[in-house]
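New to this one? Here is a quick briefing to read with the structure open beside you.

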Amino acid sequence: MAADAGTQVQAWRSRWVASLSAVGRRILDLGLPPLCPTCREPVADPGAVCSQCWSKLSFISRPYCERLGIPFAYDPGPGVLSMEAIADPPSYNRARAAVRYDETARTMVQALKYGDRLDLAPAMGRWMATAGHELLGEADALVPVPLHWRRLWSRRFNQAATLAQTVSRISGVPVAHDLLKRMRATRQQVGLTQAERARNVQGAFRVPREARPQVRGKRLLLVDDVLTSGATLDTCARILLRAGAASVDVLAFARVVQAHRAPI
Ligand SMILES: [Zn+2]
């Protein structure tokens with residue numbers, strides 16, 4: 001009996017503490033304005049970026065290479081491809097990205113990746129959905145680039161999967177998890193030469209046997225946070241095509257763009 005009473009008191013107390021902290025949270029929520037996810041300045045709407053950070057982001061729009069989505073400094077006319085697309089065509093069909101990978105974009109990517117700033121995902125996903133509008137219209141499923149389980153364990157979540165989920169909510173295209181498996185952790189691609197990058201990701205991914213029926217004949221859209229040299233995404237696309245995918249496109253939040261690209 002005494003033990004029961006003690007348990008009950010404890011239950012009351014924890015319920016009371018829980019409701020008190022809920023009230024406290026409510027007061028905090030009401031008292032604090034939403035903050036810009038990049039610079040932490042107050043903004044009007046939750047999940048919105050302040051006007052200053054917005055102006056620092058370079059959104060990618062046409063004219064760009066229809067194949068790789070690399071922006072052109074001037075409009076060369078419809079259907080013109082970049083030098084890269086002709087000289088070294090990737091396995092994926094088309095790539096699109098929302099913004100150039102500059103300082104502000106990097107802050108956002110790093111904050112999402114390492115800082116658990118999940119509040120950044122809705123804005124980033126929204127911009128990706130706009131940039132990838134045409135690709136999303138033709139895609140059967142979104143395939144986030146997987147992390148190795150060891151890295152997933154230390155970071156607790158995969159930023160590519162988080163972005164894919166946001167894009168999925170906006171576009172209605174479902175996310176297909178586990179179509180690609182990362183066989184080993186790879187070194188960071190940043191700072192490696194193109195040859196090193198290709199070597200770094202060789203054999204790093206595969207399509208598990210049980211996932212093959214979901215790949216065969218499907219138009220897939222690979223999703224990642226940053227498109228650097230494209231070596232990782234190129235490897236993923238090649239493996240999905242080898243497993244029978246009808247086509248593979250790429251959608252990233254940011255892409256590395258060398259200064260002043262001209263079409264050939
Ligand atoms: Zn800001």
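What follows walks through the sheet, then the helices, then a couple of single residues.

Keep in mind that this is a predicted model. At its heart for this briefing is an open sheet of 4 strands in the order 1-6-5-2, with parallel pairing. Strand 1 and strand 2 sit at the edges, each with a single partner strand, so one side of each has no neighbour in the sheet. From one strand to the next, the twist averages 20°.

**How the strands pair up**

- In general, strands of a sheet pair through backbone hydrogen bonds, and they can do so in a parallel or an antiparallel way.
- Begin at one edge: strand 1 (residues 95-100) pairs with strand 6 in the parallel sense over 5 bridges. Here you'll find R96 opposite L251 of strand 6.
- Moving along, strand 5 and strand 6 run parallel and are joined by 8 bridges. Two spots to look for are V226, which stands opposite A254 in strand 6, and L222, whose bridge partner in strand 6 is V250.
- At the other edge, strand 2 and strand 5 (residues 219-227) make a parallel pair over 4 bridges. V143 stands opposite L222 of strand 5.
- L222 is therefore a handy landmark, with V143 opposite it and V250 of strand 6 as a bridge partner.

**What is covered in the sheet**

- How much of strand 6 (residues 247-255) is buried? Strand 6 is mostly covered, with 8 of its 9 residues buried.
- Which way do the residues of strand 2 (residues 141-144) point? A141 and V143 go one way, L142 and P144 go the other, and all are buried.

**Helices lying on the sheet**

- Helix 4 lies across strand 1, strand 5 and strand 6, and runs at about 105° to strand 6.
- Helix 11 also packs on the sheet, where it touches strand 5 and strand 6. The direction of helix 11 makes about 165° with that of strand 5.

**Where two helices meet**

- As a rule, two packed helices are described by the angle between their axes and the distance between the axes.
- For helix 9 (residues 194-201) and helix 11 (residues 231-242), the axes come within 9 Å and cross at roughly 40°. That makes helix 9 oblique to helix 11.
- The crossing of helix 9 past helix 11 is right-handed.
- On the helix 9 side, the contact is made by R197, A198 and V201, while A231, T232 and T235 do the job for helix 11.
- Sort the residues of this contact by kind and you get 3 nonpolar, 2 polar and 1 charged.

**Two residues to click on**

- K113 belongs to helix 4 (residues 103-114). Is K113 buried or exposed? With a relative accessible area of 12%, K113 is buried, because the cut-off for buried is under 20%.
- What does K113 touch? Leaving aside residues up to four places away in sequence, K113 touches R155, F157, Q159 and D225.
- L192 lies in the loop between strand 3 (181-182) and helix 9. L192 is buried too, at a relative accessible area of 9%.
- L192 and S229 are 37 residues apart in sequence, and 9.7 Å separates them in space, C-alpha to C-alpha.

Note on methods
Residues are numbered from 1 along each chain as its sequence is written. This is a predicted model: local features need pLDDT of at least 70, side-chain atom pairs count only at pLDDT 80 or more; totals for chains, interfaces and linings use all residues. Side-chain values use heavy atoms; hydrogens and water are left out. Buried means under 20% relative accessible area, exposed over 50%, partly exposed in between (1.4 Å probe, protein chains only). Two strands pair if DSSP finds at least two bridges between them. Axes are lines fitted to C-alpha atoms, for helices over the stretch in contact, and angles run from 0 to 180 degrees between N-to-C directions. Angles under 35 degrees count as roughly parallel, over 145 as roughly antiparallel, 65 to 115 as roughly perpendicular and the rest as oblique. A crossing is left-handed if the near helix is turned anticlockwise from the far one by less than a right angle, and right-handed if clockwise. Contact means heavy atoms within 4.5 Å. Ala, Val, Leu, Ile, Met, Phe, Trp, Tyr, Cys and Pro count as nonpolar, Asp, Glu, Lys and Arg as charged, and the others, Gly among them, as polar.
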